[in-house]
Amino acid sequence: MTTAETSILRLGTAEVELCSIGEAEVFLSYPASLDEWLSAGERRTLEGLRTPKRKRDWLSARVAAKRVVGRRLRALGHPTPSADIEIASHESREPFVADEEGDPDESLPVSLSHAGDYGACALGAPGTRVGMDLERIEPRDPAWRELMADDSELEPDSLGSPEALTRLWTAKEAVLKLLGVGLSVDLRGVMLRADGGVQLAGAALERWKSLGAPELELHFARYHDCCLTVSTSRR
Ligand SMILES: CC(C)(COP(=O)(O)OP(=O)(O)OC[C@H]1O[C@@H](n2cnc3c(N)ncnc32)[C@H](O)[C@@H]1OP(=O)(O)O)[C@@H](O)C(=O)NCCC(=O)NCCS
């Protein structure tokens with residue numbers, strides 16, 4: 001477990017960059033500043049988003065993505081303006097960095113999340129898969145715990161702990177994002193074993209098998225009032 005105060009975290013083979021919602025709000029209040037960050041297509045997507053909250057969340061994760069991807073490209077000797085780094089999405093909403101043809105660039109695997117005061121992007125090592133989830137730690141209805149988890153997934157003394165539950169939730173969502181499956185999949189289809197391993201069932205299991213049954217790793221961090229989990233695997 002890593003506790004961090006900076007906006008860049010290294011978790012396993014992934015790097016995570018965070019951008020505050022406040023910073024995204026500043027960009028949104030000076031539309032000309034968005035030209036530095038967004039491609040024309042991304043500007044159109046932003047304009048189509050309905051609520052100010054959705055716009056802030058969406059933009060904070062894209063700014064984080066462009067920073068972390070831009071840093072990797074600079075280190076590789078290919079400095080690229082942020083507006084030329086295109087973060088696109090599959091129909092399932094799974095995000096990807098688009099190459100010149102608009103196809104996923106598998107050397108730059110990304111996963112996005114927004115929660116509380118932050119948007120975040122995890123960038124995996126070239127040719128790996130990555131899933132990441134960020135959630136604010138807060139008390140939640142016991143019915144939600146029943147929906148999400150089995151009691152065997154939590155230490156008996158942490159059954160009601162908001163942090164333990166939030167951490168477990170982010171782990172499940174991170175695995176679902178790595179697998180690229182969306183809202184249709186039950187969070188109980190991803191179970192955390194006491195030894196730290198991941199056990200899959202149902203649609204999550206089928207999807208994992210279709211990807212060649214890669215070994216899944218989980219890495220946890222606490223960031224301010226949030227839990228952040230990254231899941232990685234080989235491709
Ligand atoms: C898709 C899902 C993982 C998003 O999680 P969330 O906590 O609501 O929202 P987050 O901010 O963490 O993540 C949103 C980002 O996930 C990414 N995402 C969406 N669908 C995805 C998919 N199929 N695969 C990978 N990433 C996906 C997107 O980048 C999205 O951000 P964007 O719309 O700005 O591009 C989640 O809603 C889901 O489908 N969970 C399935 C289990 C379930 O039923 N959950 C209900 C809660 S009890």
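This passage describes the sheet, the core, the ligand shell and two chosen residues of a predicted model. Residues are numbered from 1 along each chain as its sequence is written. Local features need pLDDT of at least 70 and side-chain atom pairs count only at pLDDT 80 or more, while totals for chains, interfaces and linings use all residues.

Helices (H or I, at least four residues) and strands (E, at least two) are DSSP runs, numbered from the N terminus. Four strands form an open sheet in the order β2-β3-β7-β6, with antiparallel pairing. Two strands count as paired if DSSP finds at least two bridges between them. In general, strands of a sheet pair through backbone hydrogen bonds, either parallel or antiparallel. The edge strands here are β2 (8-11) and β6, each of which pairs on one side only. Neighbouring strands of the sheet are turned by 20° against each other on average, direction ignored. Axes are lines fitted to C-alpha atoms, for helices over the stretch in contact, and angles run from 0 to 180 degrees between N-to-C directions.

At one edge, β2 is joined to β3 (residues 14-20) by four bridges, and the two run antiparallel. Arg-10 has Glu-15 in β3 as its bridge partner. Helix α4 packs on the sheet and touches β3, β6 and β7. The direction of α4 makes about 35° with that of β7. Helix α1 (residues 21-29) lies across β3 and β7, at about 60° to β3. Contact means that the C-beta atoms of two residues, placed from the backbone, lie within 7 Å.

At the other edge, β6 and β7 pair in the antiparallel sense over six bridges. Leu-112 stands opposite Cys-121 in β7. The two strands form a hairpin with two residues between them. In the turn, Gly-116 has a positive phi of about 55°. Six of the six residues of β6 are buried, that is, 20 or more other C-beta atoms lie within 10 Å of their own (exposed: 12 or fewer; partly exposed: in between; C-beta atoms placed from the backbone). Val-110, Leu-112 and His-114 point one way from β6, and Ser-111, Ser-113 and Ala-115 point the other way.

Strand β6 also gives the largest share of the shell around the ligand, four residues. The shell holds 23 residues, and Arg-93, Glu-94, Leu-112, Ser-113 and Gly-182 come nearest. Near means that the C-beta atom, placed from the backbone, lies within 6 Å of the molecule or strand. By type, the shell has twelve nonpolar, six polar and five charged residues. Ala, Val, Leu, Ile, Met, Phe, Trp, Tyr, Cys and Pro count as nonpolar, Asp, Glu, Lys and Arg as charged, and the others, Gly among them, as polar.

The largest nonpolar core has 60 residues. Such a core is a set of buried Ala, Val, Leu, Ile, Met, Phe, Trp, Tyr and Cys residues joined through C-beta atoms within 7 Å. Val-16, Val-110, Ala-120 and Cys-121 have the most contacts inside this core. Contacts of Val-16 beyond four places in sequence include Leu-11, Ala-120, Met-132 and Leu-228.

Ala-122 lies in β7 (residues 118-123). Ala-122 is buried because 33 other C-beta atoms lie within 10 Å. Beyond four places in sequence, its contacts include Val-16, Val-110 and Val-230. Leu-192 belongs to strand β9 (residues 190-192). Leu-192 counts as buried because it has 20 C-beta neighbours inside 10 Å. Residues up to four places away aside, Leu-192 touches Glu-153, Leu-168, Ala-171 and Val-198.
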